[in-house]
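Good morning, colleagues. I would ask you to bring up the model on your screens, and I shall then go through its side-chain pairings, its cores and its confidence values.

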Amino acid sequence: MMKNKQSGKTEHSEEKRIVKLEQSTLPWSLLLDADPEEENVQRYIDQGAGFIWKAENDIQGVIVFITNKLVFEIMNLAVAPKVQGQEIGYALLTHTLKEMKKLKTTQQQVIIRTGSTSSAALQLYKKIGFLEISREKDYFVKNYKQPIYENGQRLRDQVTLAKKI
């Protein structure tokens, strides 16, 4: 990675790239990092589409979305812990938003749901223009078999954010 002297933005080298997510190469450890319920992940993988971030032969990030009549919903966005903070999530998300604009028919917005303790994720989504539209109290307590912890706190509430497309 290098900093562009003119823009100040981080540029990723040619070995790192975004490619279409294929069923044959699903990065399960990353997918389950973002959503530990394998059945849920399999369900939206089967009906969705997505992209991966590859560096040489190493998958370092993944994004999965589904298309509904009025919205696109981002179901999973995960970046390997060793490369977090390197704008891979930002690159995957902005790439996916561009692709959604090409696919758009009747969809009016993109929604994404995350945990209320996911401060880095919430910051990223808001930086890209997502606005919080709701919170569901105790969502993760009611809907997940095992407790989930983020940043040392038990994850309880789900935050829904939206962005017009």
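Glu-99 and Lys-102 form a salt bridge, with their closest N and O atoms 3.1 Å apart; the term denotes a side-chain nitrogen of Lys or Arg within 4 Å of a carboxyl oxygen of Asp or Glu. Both residues belong to helix H3 and stand three residues apart, about one turn of the helix. Helices (H or I, at least four residues) and strands (E, at least two) are DSSP runs, numbered from the N terminus. Glu-99 is partly exposed, at a relative accessible area of 21%, whereas Lys-102 is exposed at 63%. Here buried stands for under 20% relative accessible area, exposed for over 50%, and partly exposed for in between, with a 1.4 Å probe and protein chains only.

I should state at once that this is a predicted model, in which local features need pLDDT of at least 70 and side-chain atom pairs count only at pLDDT 80 or more, while totals for chains, interfaces and linings use all residues. Residues are numbered from 1 along each chain as its sequence is written, and side-chain values use heavy atoms, leaving out hydrogens and water.

The whole structure holds six salt bridges. Another of them joins Lys-82 to Asp-58, at 3.1 Å from N to O. This pair links distant parts of the chain, 24 residues apart: Lys-82 is in the loop between E6 and H3, and Asp-58 is in strand E5. Lys-82 is exposed, at 61%, and Asp-58 is partly exposed, at 31%. Arg-135 and Glu-132 also meet in a salt bridge, at 2.7 Å from N to O.

I turn to the nonpolar cores, meaning sets of buried Ala, Val, Leu, Ile, Met, Phe, Trp, Tyr and Cys residues joined through side-chain atoms within 4.5 Å. The largest has 38 residues, and among the members that touch the most others are Leu-93, Val-110 and Phe-130. Which helix gives the most to this core? Helix H3, residues 88–103, does so with six residues. A second, separate core of five residues includes Tyr-139, Phe-140, Ile-148 and Leu-155.

Tyr-139 and Phe-140 lead us to the aromatic pairs, of which the whole structure has five. Rings of Phe, Tyr and Trp (its six-membered ring) pair if their centres lie within 6.5 Å; planes under 30 degrees apart count as stacked, over 60 as edge-to-face and the rest as tilted. The pair of Tyr-139 and Phe-140 is edge-to-face, at 5.1 Å centre to centre and 85° between the planes. Tyr-139 and Tyr-144 have ring centres 6.4 Å apart and planes at 65°, so this pair is edge-to-face as well. Ring pairs thus link Tyr-139, Phe-140 and Tyr-144 into a cluster.

Two backbone values deserve a remark. Most residues other than glycine have a negative phi. Asp-138, however, has a positive phi near 60°; this residue lies in the loop between strand E8 and helix H5 and is buried, at 18%. Glu-56 has a positive phi of about 55° and is exposed, at 58%.

Finally, confidence: pLDDT is the predictor's confidence in each residue, from 0 to 100. The mean for the protein is 89, and 90% of its residues reach 70 or more. Strand E1 has the lowest mean among the elements, 44, and strand E6 the highest, 97. Over residues 1–10 the pLDDT is below 50.

Terms used
Contact means heavy atoms within 4.5 Å.
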